[in-house]
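Student: Got a minute to go through this one with me? I'd like to talk about the empty spaces first, then a helix pair.
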Protein chains: 2
Amino acid sequence: MKADFLLKNAQLATPLGSPEFVPAKFIVIENAVLAAHRGKIVFVAENNKEASEIELEESAQVIDCNGKTVTPGFVDCHTHPVFHGTREDEFEMRVMGKTYEEIARSGGGIKASVRSLKQASKDELLAEMLPRLDRFLSHGTTTIEAKSGYGLSVEDELKSLEVICEANRVHSLDLVATFLGAHEVPDEYQSNRSDYIDLVIKEMMPLVQNQKLADFCDVFCESHVFNVEESRKILQAAKDLGFGLKIHADQLTHNGGTALAAELGAVSADHLEFSTEKDWQDMLDSQVVPVMLPGAVFFLGKDRYAPAKRMLESGLPVAIATDFNPGTYMSESMPLICTLSCLKLKFTPAQAFTAVTYHAALAINRGNLLGTLEVDKEADLVIWDVPNYKYIPYHFGANLAQTVVKSGKIVWKNESPEYTKY
Amino acid sequence: MKADFLLKNAQLATPLGSPEFVPAKFIVIENAVLAAHRGKIVFVAENNKEASEIELEESAQVIDCNGKTVTPGFVDCHTHPVFHGTREDEFEMRVMGKTYEEIARSGGGIKASVRSLKQASKDELLAEMLPRLDRFLSHGTTTIEAKSGYGLSVEDELKSLEVICEANRVHSLDLVATFLGAHEVPDEYQSNRSDYIDLVIKEMMPLVQNQKLADFCDVFCESHVFNVEESRKILQAAKDLGFGLKIHADQLTHNGGTALAAELGAVSADHLEFSTEKDWQDMLDSQVVPVMLPGAVFFLGKDRYAPAKRMLESGLPVAIATDFNPGTYMSESMPLICTLSCLKLKFTPAQAFTAVTYHAALAINRGNLLGTLEVDKEADLVIWDVPNYKYIPYHFGANLAQTVVKSGKIVWKNESPEYTKY
């Protein structure tokens with residue numbers, strides 16, 4: 001077989017894909033060889049087995065990993081990366097005692113980002129977004145799901161999704177777009193909410209679908225945002241148009257969002273801090289991937305994390321994501337989310353890695369393409385300057401990624417300048 | 001006046017030094033000019049005032065900050081950076097439910113690092129330590145206090161301190177050494193503890209003092225390590241030899257360590273999770289700086305943080321440090337500690353910055369030299385790629401430092417390679 005990319009002497013740490021809807025196994029392969037061709041993995045073996053059948057192309061990239069740890073690139077399956085301006089003042093207000101709800105009521109929160117985004121051109125939004133994508137990529141993430149949702153008007157939702165599509169075109173990171181017109185009810189529709197829901201369903205959605213601007217449709221289902229009835233209406237319309245479904249569910253109260261995800265066959269239900277055992281059984285029955293966002297709990301100064309470990313033990317392939325956004329979690333680093341998941345969700349490092357790679361790929365319907373280092377998968381991987389995969393969540397707060405590979409090509413290298421005297 | 005270093009158009013965010021033992025003021029100077037000569041700050045002014053009296057030397061470094069934020073370099077006043085091998089397995093054990101105390105009893109914890117360090121040569125220890133110092137420096141820290149304490153024998157404690165001295169010589173980061181022979185009672189002395197205390201006092205201490213290997217002496221004062229009587233004996237001996245005093249106090253129980261610090265006039269008392277209002281008054285009366293280490297609480301999966309905000313409100317110049325060490329906090333990043341301090345100690349960003357700069361300088365007796373951007377201070381500073389200082393703890397997990405300056409010289413620059421397609 002032909003190959004244009006070859007890793008040798010790698011310590012591969014990877015989940016294994018499964019046709020069943022169950023938590024994936026996680027394995028370590030010592031002295032591994034991995035070959036790829038035209039972006040796909042074509043060969044994986046242990047003990048540096050020489051694959052006589054591998055025919056290296058002349059310009060092939062060959063990397064001796066010297067025993068270093070190699071993992072799949074992270075899949076960040078829940079992010080809000082398109083926004084203009086930042087909200088560090090709200091961070092300070094929260095630290096000084098204001099709740100997220102109080103800040104939202106006083107004009108902060110999502111609506112602050114909505115006001116800002118209206119002022120920004122597509123070019124400005126893209127220019128602000130690209131360095132964020134650099135940070136995702138340089139910390140080992142090779143694919144993100146990216147939501148709109150700070151537009152809340154036909155023009156601004158389309159603008160946001162167009163920025164995501166353009167970023168996907170120009171940046172090495174892969175972006176999978178989600179339409180989140182139902183992120184909040186805009187101020188001008190507070191007294192006629194159903195008109196806004198009609199706008200989302202009858203105007204925004206068909207445009208997004210016709211222009212192929214998003215794979216998924218998402219709703220913020222919460223009693224003070226879109227209730228279950230409203231969410232059902234929006235998601236059912238999206239399903240009828242062929243969107244995959246996602247939902248922000250049971251984050252602040254138990255209001256039935258997770259059950260709705262199961263009822264409609266959503267691909268994922270996200271947050272779930274207040275979900276119940278009954279919800280977990282529904283998700284199992286309907287193969288809805290639960291997506292945990294522990295960063296937002298941490299950053300909001302709360303302490304009720306989703307019962308992620310119990311969901312995992314009940315047989316669900318639990319995914320974890322950053323929830324990167326300017327209000328409730330402003331960090332692109334997936335290694336840091338792994339640390340938080342170990343400390344706060346009590347996931348082992350292996351469970352955390354599985355959650356941010358293969359399970360996360362399932363949460364964006366890419367389980368057949370992404371999230372494991374197996375033959376026929378995309379050659380998206382990270383070479384780490386660490387002795388073993390457990391070290392990554394342990395030594396946190398500094399970037400330990402050494403080389404990031406996307407579709408068999410090196411897209412980032414940590415080339416620290418010689419800056420010290422020694 | 002002569003200058004060989006000049007910053008223009010800077011947004012300076014800095015505490016102001018004070019002769020009083022009180023929390024320092026924190027100010028922002030817009031459009032600031034800062035000049036330095038031979039490593040010291042010689043001029044600071046607002047509104048880009050042209051300092052006609054500044055005589056720039058020919059080879060002077062001039063930096064236009066374009067409005068970017070500039071802060072003092074961080075002073076990390078409590079670290080344990082000399083060790084061999086790492087303890088990621090213990091991190092996994094803790095996540096799976098073992099307590100730190102259980103891990104320590106089964107041979108893990110400090111003693112695991114003691115066993116490892118004995119096997120390592122000075123050259124190996126130094127080679128392992130230098131990349132850690134790189135990470136401190138590249139995240140904005142320009143001075144660290146560095147403790148021995150994984151030796152616990154004459155030979156290995158001296159070896160550790162010699163490595164710190166050598167690192168200080170070869171690396172741009174400044175290291176201030178602390179002798180921590182009383183970090184733990186070694187296994188071979190468990191039945192004759194007083195012999196180990198004699199060894200520390202009569203053999204180690206005079207050698208350390210004669211060879212000028214440390215400024216400070218520290219003790220881990222805790223009922224199951226060195227009790228108050230034992231700690232008093234050790235610290236009194238150190239004081240008699242001329243060491244500055246530090247103490248790990250009231251971390252796991254309230255056992256009188258903070259009161260002891262006040263009694264002996266220690267420079268700092270560190271941890272203090274279980275300290276009381278009476279202790280705070282004692283610290284105020286004796287001018288002992290309280291050092292908070294919220295990272296260790298976070299990383300150990302505990303939730304009882306020191307009552308740092310109340311200490312600050314009672315008039316103490318509260319310092320914060322990383323506690324960088326291979327067991328209970330494996331991160332060199334001070335910005336991340338600022339985020340944790342905001343979220344967990346409820347410090348405002350300004351209070352957090354003050355705690356990790358000027359108050360931290362007080363905690364190592366360097367308040368006259370370090371920790372503020374004022375005339376006569378060392379020109380240790382960080383230029384950040386952020387709109388304001390509040391942004392730094394808000395956007396966390398990725399390194400936002402752009403340029404780090406130590407004694408008026410650029411020692412680190414973030415020169416990210418062009419790795420993306422755009």
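Student: Which residues lie nearest the centre of the second largest pocket?
Tutor: Keep in mind that this is a predicted model. A:Tyr100, A:Ile110, A:Glu184, A:Phe220 and A:His224 lie nearest the centre of that pocket. Its lining has 26 residues.

Student: What volume does the second largest pocket have?
Tutor: About 460 Å³.

Student: Which helix gives the most to its lining?
Tutor: α2 of chain A, with 4 residues. Both α2 (100-105) and α3 (110-119) of chain A supply at least two residues each.

Student: And how does the lining of that pocket divide by class?
Tutor: Polar residues number 11, nonpolar 8 and charged 7.

Student: On to cavities. How many of 30 Å³ or more are there in the whole structure?
Tutor: The search finds 7. The largest has a volume of about 190 Å³.

Student: Which residues are closest to the centre of the largest cavity?
Tutor: B:Tyr100, B:Ile110, B:His183, B:Phe220 and B:Thr328. They belong to a lining of 16 residues.

Student: How many of the lining residues there are charged?
Tutor: Just 2. The rest of that lining is 8 polar and 6 nonpolar residues.

Student: What about the second largest cavity, how much space lies in it?
Tutor: About 100 Å³. Its lining has 13 residues, and the closest to the centre are B:Ser333, B:Pro335, B:Leu336, B:Gly397 and B:Ala398. By class, 7 of the lining residues are nonpolar, 6 are polar and none is charged.

Student: Which domains does the lining of the second largest cavity draw on?
Tutor: Two domains of chain B: domain 1 (2-71 + 373-413) and domain 2 (74-362). Each gives at least three residues.

Student: Now the helices. At what angle do α7 and α8 of chain A cross?
Tutor: Roughly 25 degrees. The helices are α7 (residues 228-240) and α8 (residues 257-264), and their axes come within 11 Å.

Student: Why call α7(A) and α8(A) roughly parallel?
Tutor: Because angles under 35 degrees count as roughly parallel, and the axes of α7(A) and α8(A) cross at roughly 25 degrees. Therefore the pair is roughly parallel.

Student: Is the crossing of α7(A) and α8(A) left-handed or right-handed?
Tutor: Right-handed.

Key:
Residues are numbered from 1 along each chain as its sequence is written. Chains are lettered from A and ligands numbered from 1 in the order in which they are written. This is a predicted model: local features need pLDDT of at least 70, side-chain atom pairs count only at pLDDT 80 or more; totals for chains, interfaces and linings use all residues. Side-chain values use heavy atoms; hydrogens and water are left out. On a 1 Å grid over the protein atoms alone, a cavity is a set of points where a 1.4 Å probe fits but cannot get out, and a pocket is an open set with protein on both sides within 12 Å along at least five of seven lines; lining residues have an atom within 4 Å of a point. Grid points are joined across faces, edges and corners, and a volume is the space filled by probe spheres set on the points. Ala, Val, Leu, Ile, Met, Phe, Trp, Tyr, Cys and Pro count as nonpolar, Asp, Glu, Lys and Arg as charged, and the others, Gly among them, as polar. Domain bounds come from an automatic or database domain assignment. Axes are lines fitted to C-alpha atoms, for helices over the stretch in contact, and angles run from 0 to 180 degrees between N-to-C directions. Angles under 35 degrees count as roughly parallel, over 145 as roughly antiparallel, 65 to 115 as roughly perpendicular and the rest as oblique. A crossing is left-handed if the near helix is turned anticlockwise from the far one by less than a right angle, and right-handed if clockwise.
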